[in-house]
Amino acid sequence: MSTPLLQVENLHVAFGPKTVVEGVSLLIAPGEKLALVGESGSGKTVTALALLRLLHGARVEGQALFNDGQQTRDLLALPERELRGLRGDDIAMIFQEPMTALNPLMTVGEQIAEVIRLKRAVSPAESTQAAIELLARTGIPEPERRAGAYPHQLSGGQRQRAMIAMALACQPKLLLADEPTTALDVSLRGQILDLLGDLQRANGMAVLLITHDLNLVRRFADRVAVMQHGKLVEQGTTASIFGAPRHPYTQKLMASKPERDVDERPPVPSAMPALAAQNLRVVYPTPLPGIRGWFKKGEFVALHGAEFAIAPGRTLGVIGESGSGKSTLAQAALGLLPRKQVGGEVQVAGQRWQLKAAADKPLRRVVQVVFQDPFSSLSPRLTVEEIVGEGLLVHAPEGPAPERATRVRAALAEVGLSEAQFPNLLARYPHEFSGGQRQRIALARALIVEPQLLVLDEPTSALDVTIQKQVLALLQKFQKERALSYLLITHDVDVVRAMAHEVIVLKDGAVVEAGSAARVLNAAQHPYTRKLLAAA
């Protein structure tokens, strides 16, 4: 690299006495795609934010020499006014969660046009037209109509495309992409990655991709830099890092693919299914245009004709893109939808939901749920003891408090959390734990009432690959020990391959393919299933 676009030398970042990035040095050439990988807390995002001096209250040392083709400037030493001119112009950033990064009070077109007006000094009409053209370049259908939409009116993939359009508004030389595909399903991940690659080649732009998704790295990056505990432990070409990793931590990351360890024996034919659905249909009311909307509602069919059964000790994997009906199916299985919206029949352990609190209370103990994001699904105001023991208060309130505390400790110990490891464990709050530890708490909360069925809604999508492997091993262990049944909803094909006995594939609310996991994943018949598997 004779003239690197960005040369970072001995970067240190500290918050108070704690150093979170230590001695990081890396180079990015013009037009190069560099992936920065590592687990949560390794310092990846902090490194990127430090380059643009977006870390409030941090002490940043070192050099970040940026060469725009005319001069070389140290990003860490520039006056704020000069740096503000570089941000969004020569260096742009895509943040991890577009829903929080986009202004909910402005349309996406207004937000993109605002950047263009500030950076290019063009008229409002010109900036509006340029915003529409940018949205069109990112592949959003009906860009003129979407430009007038607010962020909540767009799908996850469309919001991410809008973020990309905003970042590319001024044709930057360097794009910092922080986990740009984490919340997206496999086909959208592939689309966004292909889009970034096309735009990168068309504009000659360099990309620093921050991610823990190794499949994306293998597919996208030219070079890889691996971070652990704030330090770079290994760098090299993508082929060399994946083919022959040298550092033990890199080897650990590469070996973190989920492993299949489930009971492969066929189910007992006479056993009552833990969950069964026949001709399941779910509709949502929608407004009708004009005067008709005053008198009646239309309907949107979110799920139609779904049929499946989960035997004791078995896992049914449900895969499909966003909007395919996966979450609707889970809500119906959990008895969370009004009766007038649900057609067909859903039975849990041979019983139908009555949709009355008192009548359904015994059934609520039979089926529990583990949500996608353990941070938002655990109340920040409750202690670990209150969170895990809440189910006992509802379903077994007659037990004395000391006995409940003992059961809570036992449940936490089963999922690998003990007071020897975490002193004063029961009195701690969720924010005092890592993502993987929070998901273990959520699992303990579900298991303490001894359910027969767990609905797992993307249980590992928010976790790093090493933590994901641990959580899946824990779920497999409990399934074999307790004959638990799982309804596993995910867009991660590797997770389905490791966990599922049977698979159904949803598209636009309909089951397009169903069968054993081995048959569906290895010899898919429907074109849509083959597309999903190829994207993964």
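The following passage describes a six-stranded sheet and one helix of a predicted model.

Residues are numbered from 1 along each chain as its sequence is written. In this predicted model, local features require pLDDT of at least 70, side-chain atom pairs count only at pLDDT 80 or more, and totals for chains, interfaces and linings use all residues, while side-chain values use heavy atoms, with hydrogens and water left out.

Six strands form an open sheet with mixed pairing, in the order β6-β7-β8-β3-β9-β10. Strands (E, at least two residues) and helices (H or I, at least four) are DSSP runs, numbered from the N terminus, and two strands pair if DSSP finds at least two bridges between them. Strands β6 (91-94) and β10 (231-237) lie at the edges, each pairing on one side only. From one strand to the next, the twist averages 15°; axes are lines fitted to C-alpha atoms, for helices over the stretch in contact, and angles run from 0 to 180 degrees between N-to-C directions. Strand β9 (residues 223-228) runs antiparallel to β10 and is joined to β10 by six bridges, with A225 opposite Q235 in β10. Helix α1 (residues 44-51) packs on the sheet, where α1 touches β3 (33-37), β6, β7 (174-178), β8 (206-211) and β9; contact means heavy atoms within 4.5 Å. The direction of α1 makes about 145° with that of β8.

In helix α14 (residues 357-366), the buried residues are D360, L363 and V366. These residues lie on the same side of α14 because their arc around the axis is only 70°, the arc being that of the directions from the helix axis to the C-beta atoms. Buried means under 20% relative accessible area, exposed over 50%, and partly exposed in between (1.4 Å probe, protein chains only). The exposed residues A357, A358 and P362 are on the face of α14 turned away from its buried side. The buried residues of α14 pack against β14 (342-348), β15 (351-352), β16 (367-370) and β17 (453-457).
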